[in-house]
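This report looks at two ligand sites in one protein chain. The structure comes first, and the notes on each site come after it.

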Amino acid sequence: MSDIGTAQHHAQDTELLVARELTMRFGGLTAVDAVDFTVPAQRIVSLIGPNGAGKTTFFNMLTGLYHPTEGQLTFMGQDTFGRPPHQIAQLGMSRTFQNIRLFREMTCVDNVLVGMHTKLRGGFLATMLRLPSHRHEEREGIELARELMRFVGIHERHAELAGNLPYGDQRRLEIARALASRPSVVLLDEPAAGMNPQETYALEGLMHRIRDELGCTVLLIEHEMKLVMSVSERVTVLNFGRKIAEGAPQDVRNDPAVIEAYLGSSDGAVVADGYDQPTEAAS
Amino acid sequence: MPTVRERLGRHAPLFVLAFALIFPLIEGSLGLGMMNPLLRILTSVMLAMGLNIVVGFAGLLDLGYVAFWAIGAYCVGWMASGHFSTIKVHVMSGLPEAIPGIHLSIWLIFPIAAVLTAVFGVLLGAPTLRLRGDYLAIVTLGFGEIIPKVFQNGDDIGGHNLTNGTAGISGLDAPQLGGATGDAMLGLGWGTWGPLNLLPWYYLAIALCVLCYYVSVTMQWSKLGRAWMAIREDETAASAMGIHCVNAKLWAYGIGASLGGLAGVYHGARIGSIFPSSFQFYISIAVLCAVIIGGMGNVWGAIVGAFVVEGLNFWLLPSLTSWAAAVGLDIDFSSWNMLIFGVLLVVMMLYRPQGIFPSKSRKLVFDDEPGRPGDQHYPGGMHGPDGDGPHTPMPSPPGPGIPATPGIPAQELADVAASHRLAPERVVQQPAAPARPLPASVRFPRYGAGSNPFDRRADPDIEVAPA
Ligand SMILES: Nc1ncnc2c1ncn2[C@@H]1O[C@H](COP(=O)(O)OP(=O)(O)OP(=O)(O)O)[C@@H](O)[C@H]1O
Ligand SMILES: [Mg+2]
């Protein structure tokens, strides 16, 4: 069990992803303003901030959905600034979306198989001639897809259309789909949104398993502060596109700048809305 | 064990094929006179399957599909006729060498035309890649209009007569199969393909339909086919999954076009002459209607849709007309086809918008379906962090409660209860299930666990996060 909440960001960690002065402007609006950010290997790090702070925009730049206006971006030792999303995915970055973007008219298994796209060979001739290599690959892919669905706990739903799943299961399926490419970093954009407390709790366990069993870094955007504080090894706070704080969860939650960003004044606490009991769950 | 119904369902294509193979016997003995319209309908079946790849699978609304049919037809026009009379090229044509023009065996023209139309599919698709929805439809509509116009005006391209203009290309070689000796084979008269001997044409059409079906179904459940469907569903998410959307779309255009090209070669060779006026916008629409009525994205839907739409056009309405004439009525039902079509479409869209056969997802049958013994290790899948300390499974109280995920400490359960405004005892602690992680042996088909440099488990030298 990792000691949640106290793990420091070790200097000797391999930095999978390094963003320097990353900036995104939409016309006159600077959604992300010269943010420095690194993602260490095999950690759970979070990105928080009030609505409209630029978190999703930041994810979109990392994954190539937006072409950043300025800055530098390195992932897995390669310059990924302005590269198209499919190339960045190929390098081992994978994500979920704030407003779930499943392939709704496809089954759950097929959704996960699409997530496996970069890892399947699927040669044209092998497919056309249905060579044994192709059939073998498909079979293994389906097996792995089921394993992943089991991993996130929706295995009994493999044959259903993704669009027919309940909301919480759709979020989990999105995670399974993201994990299917066996990424080095998985970006989760508000995975707990719309989940009930049990699901949120289970999500915390799932994130630990993603890190520990799959050896994958989790980069999390979340508004559910309790989850963020208990699961993260490092928290970065954005406000109006600027990075205002970064560090261990309890340092960040007591940072006056953060408190001000969330409450508009410094006489409250981030955790004031019912989360004032520090989590003692993890020993 | 699959049920009888499932087994029948799985073999349905074979039953249909068997019926198709013996159909000429039935038709001949009943004297239905359906052969000629049927050959035209089967051509549309091929076209519908090809268009289904572009529209149904990849979601690219193509209103100019007739272009590829035309290109296929002109391929056979150029390569199996005396059109280019200044040169003499004979490849397995079975004709006297002295005859001018390019004369290739039709069995060579099929693959050549398939490749050529695929190239055209990619070329015409490339400019539309950034377009979506209505814009895409308009541009493809333009291409569908331009290509026949090019053929119509192609009789003087820099002084060369490429297409012989509105007069078209006629006098196409009849296909040969084993030459004159083919006549002896099966007594079917394979040596003499022509308007009087439709049987070889029929079986060729069935063979091409089987080919189109095979290509469609094989592609559908492959990496590429899934990529198409992902693009159809959500292009942004697809690209984030590592799909090269541009390439995948071009493949869809290419493969869809080549099936259309095959149908074009077949049609041109069967009719024996090619006129630019026969490649009208209406044909694109009829094939698109077939795909929509049948059920977009479903191969059987495309087949049945083509039978419905073109059966109406080429068999039912003409038959109605002649039956009416037989009882002394002078009604030309064929001229009503657009009206009937329109009504059919409106009715379909009102009562069954997903088509006759809605795009059905593949049914995977596993021998260890959930609920069966051997799969009871995963009641919830996700579970709380390990090492939360021991907890005693509590007996579930009766009445509605919230089943909590196993492994939740008592404090958390109380929180859950509070957040749901429930009495604490209403939140049920389920007995903990043994956790089973994703086995380390799970590998990707090509990349073993060790090939990811950042997979810490693969490299014992790298310090693993405190566990
Ligand atoms: N494509 C776009 N075009 C113009 N403005 C945009 C675009 N995407 C985001 N923005 C703006 O950038 C700002 C940051 O948005 P973003 O979605 O990144 O916020 P967020 O931190 O994810 O907020 P939330 O917590 O509500 O998800 C917002 O003001 C938003 O309106
Ligand atoms: Mg957001």
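The sections below cover the metal site and then the shell around ligand 1 in this predicted model.

## Magnesium site

The magnesium ion, ligand 2, is coordinated by OG1 of Thr56(A) and OE1 of Gln98(A), at 1.8 to 2.1 Å. These two residues link distant parts of the chain, being 42 residues apart. Thr56(A) belongs to helix α1 (residues 55-62), while Gln98(A) sits in the loop between β6 (93-95) and α3 (108-115).

Thr56(A) has a relative accessible area of 24% and is therefore partly exposed, because that value falls between the 20% and 50% cut-offs. Gln98(A), at 32% relative accessibility, also counts as partly exposed.

## Polar contacts of ligand 1

Three side chains place a polar atom by an oxygen atom of ligand 1: Thr56(A) at 2.6 Å, His223(A) at 2.7 Å and Asn51(A) at 2.9 Å. Ligand 1 taken alone exposes 630 Å², and the protein buries 65% of that area.

## Shell around ligand 1

Ligand 1 is surrounded by 14 residues, of which the closest are Lys55(A), Thr56(A), Thr57(A), Gln98(A) and His223(A). Thr56(A) and Gln98(A) from this group are also the residues that coordinate the magnesium ion.

By class, the shell holds seven polar, five nonpolar and two charged residues. The elements of chain A that supply two or more residues to it are β2 (29-40) and α1. The greatest contribution comes from α1(A), with three residues.

Definitions and conventions. Residues are numbered from 1 along each chain as its sequence is written. Chains are lettered from A and ligands numbered from 1 in the order in which they are written. This is a predicted model: local features need pLDDT of at least 70, side-chain atom pairs count only at pLDDT 80 or more; totals for chains, interfaces and linings use all residues. Side-chain values use heavy atoms; hydrogens and water are left out. Donors are N, O and S atoms within 2.8 Å of the metal (3.2 Å for Na, K and Ca); water is not among the atoms, so sites may look incomplete. Helices (H or I, at least four residues) and strands (E, at least two) are DSSP runs, numbered from the N terminus. Buried means under 20% relative accessible area, exposed over 50%, partly exposed in between (1.4 Å probe, protein chains only). A residue is near a molecule or strand if one of its heavy atoms lies within 4 Å of it. A polar contact is a pair of N or O atoms within 3.5 Å; within protein, one must be able to donate a hydrogen and the other to accept it, and residues adjacent in sequence count only if both atoms are side-chain atoms. Accessible areas come from the Shrake-Rupley method with a 1.4 Å probe; for residues, only the protein chains shown count as cover. Ala, Val, Leu, Ile, Met, Phe, Trp, Tyr, Cys and Pro count as nonpolar, Asp, Glu, Lys and Arg as charged, and the others, Gly among them, as polar.
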